[in-house]
Each structure stands twice: as C-alpha cells, then as structure tokens.
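Open the model in your viewer and keep a selection box ready. The stops below go one at a time, each with something to select and something to look for.

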Amino acid sequence: MQLSHVETINKHEEFGRQAREMASKSLPRHLLGKICLEPIDHKALAAFRSVDVSQDRLVSWNWNFASRYKIFYPKAFELSVWHGSTLCSLTLGRPTYKGTAVRLDFIERFNKHILFANDMFPISLLAYEAYARLIGATQIRVMDPLNEKLVKYYSSHGGFEYCRAKQGVPHYLVKNL
C-alpha cells in the first residue's frame with residue numbers, strides 16, 4: 001500500500017474519531033452516558049458474529065467486509081453504536097468522489113427490541129453530519145434505501161429529498177447541511 005494511501009486512511013480515521021466524539025457530546029439527554037459510539041473494529045465484528053441471525057433482518061450483510069472497505073475507500077467513515085456491551089447498530093459510508101456529500105452506504109440496526117432501538121438512525125445521522133462538516137461536505141445521502149417504508153422513515157428525520165436512480169447511480173435520499 002502506498003504511503004499516501006496510508007496517510008489518507010490515518011487522516012480520515014482521525015476525522016472519524018472526532019466526529020464520533022462530537023456526536024457523543026450532542027446526543028439527546030435521554031441517551032447521554034447510555035450510548036457509546038465507536039468505529040467498526042474487531043470488537044464490533046465479533047459482536048456482529050454473535051448476533052442472533054434468526055432475527056428478522058431486512059438485509060443479510062456480512063459486516064466482516066467492513067475491514068476491507070477502508071482499503072478501497074480510505075476516506076470511509078464507520079460507526080458502531082453500543083448500549084453497554086450490546087451492539088445496537090453498524091453504519092458504513094464514504095464521501096462522494098468530489099467530496100461534496102457523505103454517503104451512508106450500509107446501515108443496520110440489530111434487534112428491534114433493544115432499548116433505544118428507534119434512536120439508531122438519528123444517532124448515525126448525527127455522527128455522519130459531524131463527519132461531513134469536518135471534511136467540508138455539504139450533503140448527506142442515504143444510498144439505495146431498501147423499500148418505501150424505509151424511504152418514509154428516513155425522510156421523517158428532517159430535510160431529506162428523494163432522488164431517483166439514473167445513469168448507474170442508485171436511488172437515494174439527500175439532505176443539505
């Protein structure tokens with residue numbers, strides 16, 4: 001791996017750390033001290049492997065690809081949300097090629113019966129907005145929402161507009177910062 005690639009990864013890992021810290025400090029009062037925001041590391045991947053795969057999952061992503069994602073996208077931002085020792089959600093995304101937007105490419109909440117389950121997307125959004133601001137992006141994009149129900153759910157979190165698929169780009173929701 002070239003030195004410039006490693007430097008880019010390190011620089012954006014620091015932006016990621018700062019974004020998670022900023023988001024942690026900005027959590028709603030009912031979540032302060034109860035939710036922890038971390039990267040997707042070996043601990044998160046081990047917790048994912050122990051998730052009950054029999055639960056109703058809308059997607060069947062094997063999150064083990066997350067460790068390779070940074071090699072292909074060195075500016076990627078990753079987020080694992082924890083309540084104590086319970087993994088609540090994972091989110092993975094990256095800036096667009098021009099850097100004007102940050103994409104949420106993969107997001108999954110585990111176990112809809114966990115405490116604070118309805119807060120997982122707003123928490124992820126808070127962290128991704130912080131990351132976007134740190135790198136100078138002016139938009140957040142939720143890429144390729146799975147179904148109309150998710151489009152409505154994500155849209156209910158303020159300011160998102162729907163963009164249809166075109167020329168090889170999947171449909172997405174976009175929010176200006």
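A salt bridge here is a side-chain nitrogen of Lys or Arg within 4 Å of a carboxyl oxygen of Asp or Glu. Keep that cut-off in mind for the first stop. Note also that this is a predicted model.

**Stop 1: Arg 20**

Select Arg 20, in helix H1 (residues 3-25). Which side chain of opposite charge is nearest to Arg 20? Glu 78 is, at 5.3 Å. A salt bridge needs nitrogen and oxygen within 4 Å. Arg 20 is buried yet has no salt bridge. Now show its surroundings. Leaving aside neighbours within four places in sequence, Arg 20 is in contact with Glu 13, Leu 37, Glu 38, Pro 39, Phe 77, Glu 78 and Leu 79.

**Stop 2: charged pairs along H1**

Stay on helix H1 and select Arg 17 and Glu 21. They form a salt bridge, with the closest N and O atoms 2.9 Å apart. The two residues are four apart in helix H1, which means a separation of about one helical turn. Arg 17 is partly exposed, with a relative accessible area of 39%. Glu 21 is partly exposed too, at 38%.

**Stop 3: the sheet**

Now colour the strands. Seven of them form an open sheet, in the order S1-S2-S3-S4-S5-S7-S6. The pairing is mixed. Which strands stand at the edges? They are S1 (36-38) and S6 (160-163). Each has a single partner strand, so one side of each is left without a neighbour in the sheet. Look at the twist as well: neighbouring strands of this sheet are turned by 25° against each other on average, direction ignored.

Add helix H2 (residues 42-49) to the view. H2 packs on the sheet and touches S1, S2 and S3. The direction of H2 makes about 120° with that of S3.

**Stop 4: S2 against S3**

Select strand S2 (residues 77-83) and strand S3 (residues 86-95). How do they run, parallel or antiparallel? They run antiparallel, and seven bridges join them. For one pair to click on, take Ser 80: its bridge partner in S3 is Leu 90.

Then pick Cys 88, also found in strand S3. Is Cys 88 buried or exposed? Its relative accessible area is 0%, so Cys 88 counts as buried. Show what surrounds it. Not counting residues up to four places away in sequence, Cys 88 touches Val 81, Trp 82, His 83, Glu 108, Arg 109, Phe 110, Ile 114 and Met 120. Try a distance to Ala 44 next. The two residues are 44 apart in sequence, and their C-alpha atoms are 10.0 Å apart in space.

**Stop 5: Asp 105 and its two arginines**

Select Arg 94, Arg 103 and Asp 105. The side chains of Arg 94 and Asp 105 meet in a salt bridge at 3.6 Å, N to O. Arg 94 lies in strand S3 and Asp 105 in strand S4, so this pair ties together parts that are 11 residues apart in sequence. Arg 94 counts as buried at 7% relative accessibility. Asp 105 is buried as well, at 12%.

Arg 103 also forms a salt bridge with Asp 105, and here the closest N and O atoms are 2.7 Å apart. Arg 103 is buried too.

**Stop 6: Lys 175**

Move to strand S7 (residues 172-176), where Lys 175 is found. Lys 175 has 16% relative accessibility, so it counts as buried. What does its side chain make with the side chain of Glu 129? A polar contact, at 2.8 Å. Beyond its neighbours within four places in sequence, the residues in contact with Lys 175 include Leu 125, Thr 138, Ile 140, His 157 and Phe 160.

**Stop 7: two positive phi angles**

Finish in the loops. Select Phe 116, between strand S4 (101-109) and helix H4 (120-135). Phe 116 has a positive phi of about 70° although it is not a glycine. Phe 116 is buried, with a relative accessible area of 14%.

Last, select Gln 167, in the loop between S6 and S7. Phi of Gln 167 is near 45°, a positive value in a residue other than glycine. Gln 167 counts as exposed, at 82% relative accessibility.

Terms used: Residues are numbered from 1 along each chain as its sequence is written. This is a predicted model: local features need pLDDT of at least 70, side-chain atom pairs count only at pLDDT 80 or more; totals for chains, interfaces and linings use all residues. Side-chain values use heavy atoms; hydrogens and water are left out. Two strands pair if DSSP finds at least two bridges between them. Axes are lines fitted to C-alpha atoms, for helices over the stretch in contact, and angles run from 0 to 180 degrees between N-to-C directions. Contact means heavy atoms within 4.5 Å. Buried means under 20% relative accessible area, exposed over 50%, partly exposed in between (1.4 Å probe, protein chains only). A polar contact is a pair of N or O atoms within 3.5 Å; within protein, one must be able to donate a hydrogen and the other to accept it, and residues adjacent in sequence count only if both atoms are side-chain atoms. Lys and Arg count as positive and Asp and Glu as negative; His and the chain ends are not counted.
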